Amino acid sequence: MNTMSSILDNKIIAIIRGANSKDVLNMAKALHEGGVNILEITMNSPNVLSAIEEITVELGDRVVVGAGTVLDAETARAAILAGAKFILSPTVDIETIQMAKRYGAVSIPGAFTPTEILSAYENGGDIIKVFPATLGPSFIKDIRGPLPQIPLLPTGGIDLNNIQEFMKAGAIGCGIGSALVNTQLEITDEYFVQLTEKARQFASAVKSNEDEGAYS
């Protein structure tokens, strides 16, 4: 299964931001055990390229790892060479989109307004990250009215209480940050147990939404 298909199939991208690089592999393993297999490691994390490379080598095809908070083409290239299969940005930078496409990575630029979303898509974005998604599921539904052809990935402010509503509104998936991976907590054995359980809860919420859609 290619990267785009994996994202569309799994629907949840776990965002690991600011984690100590020595903990990232175990975080990835805990998330995978809970059923979350698409991982975004943000580029403003320490030793991030080493962390991406380590996950790629250790976990192989069991997870798909990408780079987040990518602000320029040079950073995108470095991340892809380290093993990133997709590139996420908080904004629309056309050169970053082009670099991702040049190296065969999935491009997920961030946009907010309808004009930005359309521009990102027309310039090669495979999926458009709607960021921040604080206007709620109704905003996703409203955007999909005139722009149904654009795959939308709301990110920011999404948790177990609202993820199903975002999916029902037409999102192809969601980016989940601290509601899933809280890197500010003390990292202990119990932390990884709880991380796996949170991953199971998010994966179950998405699966339940799919099942409801199948029978509605």
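Which residues of S2 lie on one side and which on the other, and are they buried or exposed? This is a predicted model, and strand S2 is the place to start.

**Stop 1: strand S2.** Select residues 38-42, the extent of S2. Five of the five residues are buried, so the strand is mostly covered, with buried meaning under 20% relative accessible area. Ile38, Glu40 and Thr42 are on one side, Leu39 and Ile41 are on the other, and all are buried. Both faces of S2 are therefore covered, since buried is the class under 20% relative accessible area. In a regular strand the side chains alternate between the two faces of the sheet.

**Stop 2: S1 and the way to S2.** Add residues 12-16, which make up strand S1. S1 and S2 run parallel and are joined by four bridges. To see one of the pairs, pick Ile13, whose bridge partner in S2 is Ile38. Next show helix H2, residues 21-33: the chain passes through H2 on its way from S1 to S2, in a right-handed β-α-β crossover.

**Stop 3: S3 and the way from S2.** Select residues 64-68 for strand S3. Five bridges pair S3 with S2, again in the parallel sense. Here the residue to pick is Thr42, which has Gly68 of S3 as its bridge partner. The connection from S2 to S3 goes through helix H3, residues 48-59, and this β-α-β crossover is right-handed.

**Stop 4: H2 against H3.** Keep the two helices on screen. Their axes come within 9 Å and cross at roughly 40°, and the crossing of H2 past H3 is right-handed. On H2, the contact is made by Ser21, Val24, Leu25, Ala28 and Lys29. On H3, select Ala51, Glu54, Ile55, Glu58 and Leu59. Colored by class, this contact shows six nonpolar, one polar and three charged residues.

**Stop 5: the sheet of S6, S7 and S8.** Move to another part of the chain. Three strands form an open sheet here, in the order S6-S7-S8, with parallel pairing. Its edge strands are S6 (110-111) and S8 (152-154), each of which pairs on one side only. Select residues 128-130 for S7, which is joined to S8 by three bridges. Ile128 stands opposite Leu152 in S8.

**Stop 6: helices on this sheet.** Which strands does helix H6 touch? Show residues 114-122: H6 packs on the sheet and touches S6, S7 and S8. The direction of H6 makes about 160° with that of S7. Finish with helix H7, residues 137-144, which lies across S7 and S8 and runs at about 165° to S8.

Terms used: Residues are numbered from 1 along each chain as its sequence is written. This is a predicted model: local features need pLDDT of at least 70, side-chain atom pairs count only at pLDDT 80 or more; totals for chains, interfaces and linings use all residues. Side-chain values use heavy atoms; hydrogens and water are left out. Buried means under 20% relative accessible area, exposed over 50%, partly exposed in between (1.4 Å probe, protein chains only). Two strands pair if DSSP finds at least two bridges between them. A crossover is right-handed if, with the strands pointing away from the viewer, the path from the first strand over the helix to the second runs clockwise. Contact means heavy atoms within 4.5 Å. Axes are lines fitted to C-alpha atoms, for helices over the stretch in contact, and angles run from 0 to 180 degrees between N-to-C directions. A crossing is left-handed if the near helix is turned anticlockwise from the far one by less than a right angle, and right-handed if clockwise. Ala, Val, Leu, Ile, Met, Phe, Trp, Tyr, Cys and Pro count as nonpolar, Asp, Glu, Lys and Arg as charged, and the others, Gly among them, as polar.
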